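This report goes through the links and packing in one protein model, part by part. Keep the sequence and the structure in view while reading.

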Amino acid sequence: MILSMPNLQRISIAVIFALFGLAKAQPAQAQLRLTSPTIASGAAIADDYACTGADRSPALAWSNAPQSTKSFALIVDDPDAPRGTFVHWVAYNIPARVTSLPAGVPQTAEIAGGGTNGINSFEHIGYNGPCPPPGKIHHYHFRLFALDSKLTPDDGAGAAAIQSAMRGHVVATAELVGTFER
């Protein structure tokens, strides 16, 4: 049997469609997402979460972590600070099963439900909110890191130690940015 060119093209196209039909579609991994019911992306942070108010941590929630996630780390900083990036919160070894932190996480080493608060640039444990000098708007970056392991830094670790310990273990990141000015 001799196949003409149009018939050969039809058969080739049919084979290609059949092969694609047999291949299982792999769902794309959704990106890690970080949200807050109290901070809209790019919007002003309320006084309740700053030094001008209650200075408590905002509620945070996340979703779509990769299956390989073993723990989370959170770093909140202000790159607009007059003397360089100022860290407002360091938290790490948040268990993979955890998908949120409530507002007002206590400033203790241990986080209820799992995890550890590190040392911020105020040299305090846990969260201290925006408190920039009067003048320009500052941007506060809430960065969540999904990690393929737990971290083992020394007690009282700050952002630099956590970032060093995370090297090579970050499987996904998400960021939420709020603003504040006095």
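Which residue does a disulfide join to Cys51? The partner is Cys131, and the S to S distance is 2.2 Å. The model is a predicted one, and the count of disulfides in it comes to one. Cys51 is found in the loop between strand E1 (33-35) and strand E2 (60-63), while Cys131 is found in the loop between strand E6 (116-117) and strand E7 (138-147), so the disulfide ties together parts that are 80 residues apart in sequence. The torsion about the S-S bond is about 85°, and the disulfide is therefore right-handed. Cys51 has a relative accessibility of 28% and counts as partly exposed. Cys131 also counts as partly exposed, at 31%.

**Salt bridges**

The count of salt bridges comes to two. The table lists them.

| Acidic residue | Basic residue | Closest N to O distance |
|---|---|---|
| Asp48 | Arg56 | 2.7 Å |
| Asp77 | Arg143 | 2.6 Å |

Are Asp77 and Arg143 buried or exposed? Asp77 has a relative accessible area of 8%, and it is buried because the limit for that class is under 20%. Arg143, at 19% relative accessibility, counts as buried too. Asp77 belongs to strand E3 and Arg143 to strand E7, and this salt bridge links distant parts of the chain, 66 residues apart. In the other salt bridge, Asp48 is partly exposed at 28% relative accessibility. Its partner Arg56 is partly exposed as well, with a relative accessible area of 33%.

**Aromatic pairs**

How many aromatic pairs does a search of the whole structure find? The search finds three, and two of them are described here. A pair of aromatic rings is described by the distance of the centres and the angle of the planes.

One of the pairs is made by Phe86 and Phe122, with 4.8 Å from centre to centre and 80° between the planes, an edge-to-face arrangement. Phe86 sits in strand E4 and Phe122 in the loop between E6 and E7, so this pair ties together parts that are 36 residues apart in sequence. Phe86 counts as partly exposed, at 25% relative accessibility. Phe122 is likewise partly exposed, at 30%.

Another pair is made by Trp89 and Tyr127. Their ring centres are 5.4 Å apart and their planes stand at 75°, so the pair is edge-to-face. Why does this pair tie together parts that are apart in sequence? Trp89 lies in strand E4 and Tyr127 lies in the loop between E6 and E7, so the two parts are 38 residues apart in sequence. Both Trp89 and Tyr127 are buried.

**Helix H2**

Which residues of helix H2 (residues 159-166) are buried? They are Ala159, Ile162 and Met166. These residues cover an arc of only 65° around the axis, which puts them on the same side of H2. An α-helix has 3.6 residues a turn, so residues three or four places apart point the same way. The buried residues of H2 pack against four strands by name: strand E3 (71-78), strand E4 (86-95), E7 and strand E8 (170-180). After H2 comes Gly168, which has a positive phi, near 85°.

**A sheet and a strand residue**

Three strands form an open sheet in the order E1-E2-E5, and their pairing is antiparallel. E1 and strand E5 (100-101) are the edge strands, each of them pairing on one side only. Between E2 and E5 the antiparallel pairing runs over two bridges. Ala61 is placed opposite Ser100 of E5.

Strand E6 is the place of Thr116. Thr116 has a relative accessible area of 17%, and it is therefore buried. Which residues are in contact with Thr116, once its neighbours within four places in sequence are left aside? They are Val90, Ala91, Tyr92, Ala109, Glu110 and Ile111.

Notes:
Residues are numbered from 1 along each chain as its sequence is written. This is a predicted model: local features need pLDDT of at least 70, side-chain atom pairs count only at pLDDT 80 or more; totals for chains, interfaces and linings use all residues. Side-chain values use heavy atoms; hydrogens and water are left out. A disulfide is a pair of cysteine sulfur atoms within 2.5 Å. Buried means under 20% relative accessible area, exposed over 50%, partly exposed in between (1.4 Å probe, protein chains only). The arc is that of the directions from the helix axis to the C-beta atoms. Contact means heavy atoms within 4.5 Å. Two strands pair if DSSP finds at least two bridges between them. A salt bridge is a side-chain nitrogen of Lys or Arg within 4 Å of a carboxyl oxygen of Asp or Glu. Rings of Phe, Tyr and Trp (its six-membered ring) pair if their centres lie within 6.5 Å; planes under 30 degrees apart count as stacked, over 60 as edge-to-face and the rest as tilted.
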